[in-house]
Number of protein chains: 2
Amino acid sequence: MTADADRRARALLTRVAEPGDRHVAALVRELGSEAAVDALRDPSSRRADTYAARLAAADPDADLARATAVGGRLLVPGDLEWPSQLDDLGERAPWALWVRGAADLRMACLRSVAVVGARAATHYGEHVASVLGSDLGAAGWTVVSGGAYGIDAHAHGGALAVGGMTVGVLACGVDVAYPPRHDALFARIAADGLLVSEVPPGAAPHRGRFLVRNRLIAALTRGTVVVEAALRSGSLSTAREAESLRRIVMGVPGPVTSAMSAGVHRELRHGSAQLVESCADVLELVGGIGTDLAPEVRAPDGPRDQLDLLARRVLDAVPARRPATVDSVARTAGVAPAEAHAALGLLEIEGLVESGAAGWRLRRATSP
Amino acid sequence: MTADADRRARALLTRVAEPGDRHVAALVRELGSEAAVDALRDPSSRRADTYAARLAAADPDADLARATAVGGRLLVPGDLEWPSQLDDLGERAPWALWVRGAADLRMACLRSVAVVGARAATHYGEHVASVLGSDLGAAGWTVVSGGAYGIDAHAHGGALAVGGMTVGVLACGVDVAYPPRHDALFARIAADGLLVSEVPPGAAPHRGRFLVRNRLIAALTRGTVVVEAALRSGSLSTAREAESLRRIVMGVPGPVTSAMSAGVHRELRHGSAQLVESCADVLELVGGIGTDLAPEVRAPDGPRDQLDLLARRVLDAVPARRPATVDSVARTAGVAPAEAHAALGLLEIEGLVESGAAGWRLRRATSP
């Protein structure tokens, strides 16, 4: 099959199946995109009814043209611009991403942090999100968020205000302004940053799409900062995703008298998030491993040589055979558990270590 | 020597030596209070000059009478009212305590929490301290603090407002109103609670006395809550003392934009304090072991039988030989590290476990 055929097939699948559709994801993994489409088209297939209507209406060429018309494109695995860290999602990885904006998504996300939080944020939360966004932007880090009202909007806005890079991961098409009052914000992000979505141009958002979208925000970034969240805030689902992907989960404390900080405080109390007050705190946690995710790491002398001191100490503390817990690795390396946790997550992305139920150990290939 | 003679000698020592004077403390331990006084009086002794002037002016009977006149008394080790948890201070334990108020100090401190913080507190901090004080008081817990402006005053006031018990540990005499504007507060504490001090009636506070005073606040209580503290706040020294005494250290988060929360956030970030939002959070941490510090524990059937379920689980998880870390004990017991830490501290006070550089293990005598 040709690359174009693969891209057309994947474009069609974003129109036919909901993001995260495990049946379609499995078909694509097992048969490839084109055969997967054929399988869905097969009237004798058990699930034919599920997709028939959408298959009849789907027009991938029109969708691709529609994307091009707004400065967009479709990214598929194998593209140089495809963010390899999405592989961490395994079976839940997207089969394609619609992207709008001039920047390179992979490059933009190499050093990125998700800043998320409540829509009904307080002035305090919006202030913190805005300052965090601009400080991260000024420090050369990309601010990834969901383009929602409140915390998301102020995080994006803070980055844009200082000419920083920001990525809006949407639950609707990259040409759709949802929420409507954010049309100007999305236009600025499309102009100076990137808009990303799993659903095709023109697609409307709905509840389910916001939730599956959150896994992308978590997977694209090195860590997620929750600025404000009520006890049942959806932004906590992004924190959950980040945790399960072994990204660094951070939370900004606030007044204990504020319901909008209650969800964050619970995460901090249970140790599922680390307390951060500022951009400096965030970078101390996510910036531990110098250029680990940057292309140079793929240089011939091997990733290990590219690691900074902290990463090497942690790597040297990971046993080759019996798996060790983060705490014991931290003890052996003589670093804080938080640092060890951060380093291990990134060392795993580098393929230097692997983790299982019992803990962490060196990847065979890279054992000394 | 008679009990009276011992009390007179210790009263004199509170006038002659500064609280925490290690030389005097050692003399009292080695020779007893009366011989210690004789040793200080010995003109040939190396340090005679240090104490000569104060010895000449000291009049313990006058001090004792002065205390009695304001409803006060002098407590010495061996008194039923003497708080046994002060033994945890070892060589730094006070040799006597001046107390003012009708309540029994030992009983008052059996279930007590220290609530401390910045003098220059914000309205937010004062509100939180006041609510925490009244909620603890209403729950039957004693609020211990230092009687200072800001957080201390609001913690005392909250407890008094609901008829709860509160103990003010002062760096000046129990009949001295310092700070001056707190004369009314101190009168209310003396009437409904207790004022405690290591220095005799009429003694003025000075910088050094505030710092040594903090070790008493930490030692008398099961845990210390820091409500607000700037990065260099003196209230953090109370947290340090509580930590070194294996009491539970807690911190109330606040806006990251507030300098008065920066000190607390640093403690929380470094894991030297646990995040609490409310009285319920505090009691979850310090209330773990039902009546462990209460007299019943000294009942014939032995302390182990008095422990609640959590304490027993933790106790059963402590190895007899090789010491184990709090984390591994927590894992074995299947409880949160915070709970294990709290239980271990109290189990140690009960003489059931002991700790060393390598961790925790059962006390020989009580090994199964």
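1. A word on terms before we start: copies are superposed by least squares on the C-alpha atoms of residues with pLDDT of at least 70 in both. Please keep in mind that this is a predicted model. With that superposition, chain B can be laid on chain A with an RMSD of 0.2 Å, by a turn of 179 degrees and a shift of 0.0 Å along the axis. The two copies are thus related as by a two-fold rotation axis. If you would like a landmark for that axis, look at Gly254(B): in chain B, its C-alpha is the nearest to the axis, at 2.3 Å.

2. How do the copies meet? They do so through the same surface, because 100% of the interface residues of chain B are also interface residues in chain A.

3. Next, have a look at the second largest pocket, which holds about 380 Å³ of space. Its lining has 19 residues, and those closest to the centre are Arg119(A), Phe210(A), Ser233(A), Gly234(A) and Ser235(A). Two elements of chain A, α10 (207–220) and α11 (235–244), give two or more residues to this lining. Which element gives the most to the lining of this pocket? That is α10(A), with 6 residues. By residue class, the lining of the second largest pocket divides into 9 nonpolar, 6 polar and 4 charged.

4. A helix pair in chain A is also worth a look. The axes of α7 (residues 123–138) and α8 (residues 151–161) of chain A come within 6 Å and cross at roughly 35 degrees, and the crossing of α7(A) past α8(A) is right-handed. On the α7(A) side, the contact is made by Gly125(A), Glu126(A), Ala129(A), Ser130(A), Gly133(A) and Ser134(A). From α8(A) come Ile151(A), His154(A), Ala155(A), Gly158(A) and Ala159(A). Taken by class, the residues of this contact are 4 nonpolar, 6 polar and 1 charged.

5. Now for the backbone, starting with a peptide bond. In chain A, Tyr178(A) and Pro179(A) are joined by a cis peptide bond, with omega about 0 degrees. Pro179(A) sits in the loop between β5 (166–170) and α9 (183–192) of chain A. Chain B has a cis peptide bond between Tyr178(B) and Pro179(B), with omega about 0 degrees, and the loop that holds Pro179(B) runs between β5 (166–170) and α9 (183–192) of chain B.

6. One last backbone point concerns Arg246(A). This residue, which is not a glycine, has a positive phi, near 60 degrees. Where is Arg246(A) found? You can locate Arg246(A) in the loop between α11 and β8 (248–251) of chain A.

Key: Residues numbered from 1 in each chain as written. Chains lettered and ligands numbered in written order. Predicted model: local features only at pLDDT ≥ 70, side-chain atom pairs only at ≥ 80, totals over all residues. Heavy atoms only, no water. Contact = heavy atoms within 4.5 Å. 1 Å grid on protein atoms, 1.4 Å probe; cavity = no way out; pocket = protein on both sides within 12 Å on 5 of 7 lines; lining within 4 Å. Points joined across faces, edges and corners; volume = space filled by probe spheres on them. Helix = DSSP H or I, 4+ residues; strand = E, 2+ residues; numbered from the N terminus. Nonpolar A, V, L, I, M, F, W, Y, C, P; charged D, E, K, R; others polar. Axes fitted to C-alpha atoms, helices over the stretch in contact; angles between N-to-C directions. Left-handed = near helix turned anticlockwise from the far one by under 90°.
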